[in-house]
Amino acid sequence: MFVLELTYTAPLEAVDAALEAHVAWLDEQYAAGIFLASGRKSPRDGGVILAVTEDRARIEEIAAGDPLVTADVCAYRITEFVATKTAPALERYRETLG
């Protein structure tokens, strides 16, 4: 499982100009079963995405395709973690240490 932290690197006007494409990209990742939750940070200086995929290389490839990245208005920080406890709704994503 991955936590993707987005940090805006440009003024909000530039971010907003790419936002429609970013939302469409988010929808594609949700449809593919990769993204589990996402939203803006408060204060609005970026966002957070909770994701699952087979490996770090794949999530880095996905993040690189974000229209906010291709518009050069945001940077990603990707943190991988082992979800050993989850809410019941996320039970299928639980992992065991080993």
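**Figure 1. His 22 in helix H2 of the predicted model**. His 22 belongs to helix H2 and is buried, its relative accessible area being 8%. The side chain of His 22 makes a polar contact of 2.8 Å with the side chain of Asp 66. Asp 66 also appears among the contacts of His 22 that remain once neighbours within four places in sequence are left aside; the others are Leu 6, Pro 67 and Leu 68.

**Figure 2. The open sheet and its strand order**. The sheet has 4 strands in the order S2-S3-S1-S4, and their pairing is antiparallel. S2 and S4 are the edge strands, each of them pairing on one side only. From one strand to the next, the twist averages 15°. Within the sheet, S1 pairs with strand S3 (residues 46-51) over 6 bridges in the antiparallel sense. Leu 6 has Gly 47 of S3 opposite; Leu 6 is also one of the residues in contact with His 22.

**Figure 3. Helices H2 and H3 against the sheet**. Helix H2 lies across S1, S2, S3 and S4, and the direction of H2 is at about 160° to S2. Helix H3 (residues 56-64) packs on the sheet as well, where H3 touches S1, S2, S3 and S4. The direction of H3 makes about 160° with that of S4.

**Figure 4. The aromatic cluster of Trp 25, Tyr 30 and Phe 35**. The structure holds 2 aromatic pairs. In one of them, the ring centres of Trp 25 and Phe 35 are 5.4 Å apart and the planes stand at 75°; an angle over 60 degrees counts as edge-to-face, so the pair is assigned to that class. This pair links distant parts of the chain, with Trp 25 in helix H2 (residues 19-31) and Phe 35 in strand S2 (residues 35-40), 10 residues apart. Tyr 30 and Phe 35 also form an edge-to-face pair, with 6.0 Å from centre to centre and 90° between the planes. Ring pairs thus link Trp 25, Tyr 30 and Phe 35 into a cluster. Trp 25 is buried, with a relative accessible area of 6%, and Phe 35 is buried at 3% relative accessibility. Tyr 30 has a relative accessible area of 31% and is partly exposed.

**Figure 5. Met 1 and its surroundings**. Met 1 is located in the segment before strand S1 (2-8). The relative accessibility of Met 1 is 9%, under the 20% limit, and Met 1 therefore counts as buried. Met 1 and Leu 50 are 49 residues apart in sequence, while their C-alpha atoms are 7.4 Å apart in space. With neighbours within four places in sequence set aside, the contacts of Met 1 include Leu 36, Leu 50, Ala 51 and Val 52. Among the other residues in contact with Met 1 are Thr 79, Glu 80, Phe 81, Ala 83, Tyr 93 and Glu 95.

**Figure 6. Glu 91 in the segment after strand S4**. Glu 91 is found in the segment that comes after strand S4 (74-80). Glu 91 is partly exposed, and its relative accessible area is 48%. Between Glu 91 and Gly 33, which are 58 residues apart along the chain, the C-alpha separation is 15 Å.

Notes:
Residues are numbered from 1 along each chain as its sequence is written. This is a predicted model: local features need pLDDT of at least 70, side-chain atom pairs count only at pLDDT 80 or more; totals for chains, interfaces and linings use all residues. Side-chain values use heavy atoms; hydrogens and water are left out. Rings of Phe, Tyr and Trp (its six-membered ring) pair if their centres lie within 6.5 Å; planes under 30 degrees apart count as stacked, over 60 as edge-to-face and the rest as tilted. Helices (H or I, at least four residues) and strands (E, at least two) are DSSP runs, numbered from the N terminus. Buried means under 20% relative accessible area, exposed over 50%, partly exposed in between (1.4 Å probe, protein chains only). Contact means heavy atoms within 4.5 Å. Two strands pair if DSSP finds at least two bridges between them. Axes are lines fitted to C-alpha atoms, for helices over the stretch in contact, and angles run from 0 to 180 degrees between N-to-C directions. A polar contact is a pair of N or O atoms within 3.5 Å; within protein, one must be able to donate a hydrogen and the other to accept it, and residues adjacent in sequence count only if both atoms are side-chain atoms.
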